[in-house]
Amino acid sequence: MSDLHHGTGKAFEISPRTSVAYVKLRVNDIQRSLDFYEQLLGFELIGKVSDENGYLSASGNGNEKYLIHLSKAVNEHTISKRERLEKRAGLFHFAILLPNRTYLANVFRHLTENSDKLYFEGAADHLVSESLYLRDPDTNGVEIYRDKNQSEWKRTGEFQVEMSTERLDLDQLYQEADNFGSWRMPENTTIGHVHLHVSNLSGSKKFYSEILGLHHTCTFPGAYFFAADLYHHHVATNTWLGTDIQEANSEELGLDYFTLKLPAKPDFSKLLQQLRSKKIEIISDTNDNGNSNSIFIHDPDQIKIQFTHL
């Protein structure tokens, strides 16, 4: 990062304890999506569901800590029509982080045994993590993964880490499963990261790294990865759809917004100061940003991001 913070000579860095709190997805049919996320993936429904909204949590996380907010899209599209829509910035996938490899094995066996209900896309060993890739009924990308121990990660710089896409031995993973009952998304499951389609990598790097203060941790062909502290990534961006894509639209099917949570009010205030200094438009849940507990901003492709704090 080269952006100097308020003339102090030091680049702005977001709090190292920043994490992804949850994602809000726009879907065609709430009940159809609940069948996927609740019945198949094993999330728990929080509160009452309506035709417009549903909130999902992992087992034991409590009613206040939802990970996925399903909301009915303003503009309905069938899958076939959506596939004909022009390319647009937005969600490549969001990633569900499990506590360990045993849970990854258990969910893989569960998904394998329910493969008739599944949009399975593949699997990979990324050196820092192991991942399964799915599509939900509205073709939103869903990754389910576990992190390897950080002692196994290969550091290539202070905040940089080596990542790759290697074959994951699914036969071995299946054999390691120990569940014989119904699968539920386990306690301490989180949203580990989001991966976004963007139109310009350098512009996105300036925004996510120099303005938001995330570290640029890794580069793939056509993709950049960013994280708070020493994590491999909380946000990734790619231009795999091309550079002539449309701006994001939070009312269409797909990602409405994702939420980054800061650990305390002082960290939130420092971020607000940084955003104002860079003249980033801030949308607040009150008329006074200084007294707000959450704000919204947009990245260069109009992907919406919420910031909140504990």
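**View 1. Strands S1 and S4 of the predicted model lie side by side in the parallel sense**. In this predicted model, strand S1, which covers residues 19-27, is paired with S4 through five bridges, and the sense of the pairing is parallel. One place to look for this pairing is lysine 24, whose bridge partner in S4 is histidine 69. As a general point, the strands of a sheet pair through backbone hydrogen bonds, and they do so in either a parallel or an antiparallel way.

**View 2. Strand S4 also pairs with S3, and these two strands run antiparallel**. Strand S3, made of residues 53-57, is joined to S4 by four bridges. Which residue of S4 is the bridge partner of tyrosine 55? The partner is histidine 69, a residue that is also the bridge partner of lysine 24. Strand S4 itself spans residues 68-72, and because four of its five residues are buried, the strand is largely enclosed by the rest of the structure; buried here means a relative accessible area under 20%.

**View 3. Eight strands form an open sheet with mixed pairing**. Reading across the sheet, the order of the strands is S2-S3-S4-S1-S13-S16-S15-S14. The edges are strand S2 (44-46) and strand S14 (283-284), each of which pairs on one side only. At the S2 edge, three bridges join S2 to S3, and these strands run antiparallel, with glutamate 44 having serine 57 in S3 as its bridge partner. Helix H1, residues 30-40, packs on the sheet, where it touches S1, S2, S3 and S4, and the direction of H1 makes about 160° with that of S4.

**View 4. One cavity of 30 Å³ or more is found in the structure**. This largest cavity has a volume of about 50 Å³. Its lining is made up of Gly90, Ala248, Asn249, Ser250, Leu255, Asp256, Tyr257, Gln302, Ile303 and Lys304. Which strand gives the most to this lining? Strand S13, residues 254-262, does so, with three residues. When the lining residues are divided by type, four are nonpolar, four are polar and two are charged.

**View 5. Leucine 127 has a positive phi although it is not a glycine**. In general, most residues other than glycine have a negative phi. For leucine 127 the value is about 75°, and this residue sits in the loop between strand S6 (119-125) and strand S7 (129-135). Is leucine 127 buried or partly exposed? Its relative accessible area is 28%, and a residue is called partly exposed when this value lies between 20% and 50%, so leucine 127 is partly exposed.

**View 6. Threonine 139 is another residue other than glycine with a positive phi**. Its phi is near 70°, and threonine 139 is found in the loop between S7 and strand S8 (141-147). With a relative accessible area of 25%, threonine 139 is partly exposed.

**View 7. The whole protein chain holds six helices and 16 strands**. The chain has 310 residues, and buried residues make up 55% of them. Among the contacts in the chain with a separation of 6 or more, 68% are between residues 24 or more positions apart.

Terms used
Residues are numbered from 1 along each chain as its sequence is written. This is a predicted model: local features need pLDDT of at least 70, side-chain atom pairs count only at pLDDT 80 or more; totals for chains, interfaces and linings use all residues. Side-chain values use heavy atoms; hydrogens and water are left out. Buried means under 20% relative accessible area, exposed over 50%, partly exposed in between (1.4 Å probe, protein chains only). Two strands pair if DSSP finds at least two bridges between them. Contact means heavy atoms within 4.5 Å. Axes are lines fitted to C-alpha atoms, for helices over the stretch in contact, and angles run from 0 to 180 degrees between N-to-C directions. On a 1 Å grid over the protein atoms alone, a cavity is a set of points where a 1.4 Å probe fits but cannot get out, and a pocket is an open set with protein on both sides within 12 Å along at least five of seven lines; lining residues have an atom within 4 Å of a point. Grid points are joined across faces, edges and corners, and a volume is the space filled by probe spheres set on the points. Ala, Val, Leu, Ile, Met, Phe, Trp, Tyr, Cys and Pro count as nonpolar, Asp, Glu, Lys and Arg as charged, and the others, Gly among them, as polar.
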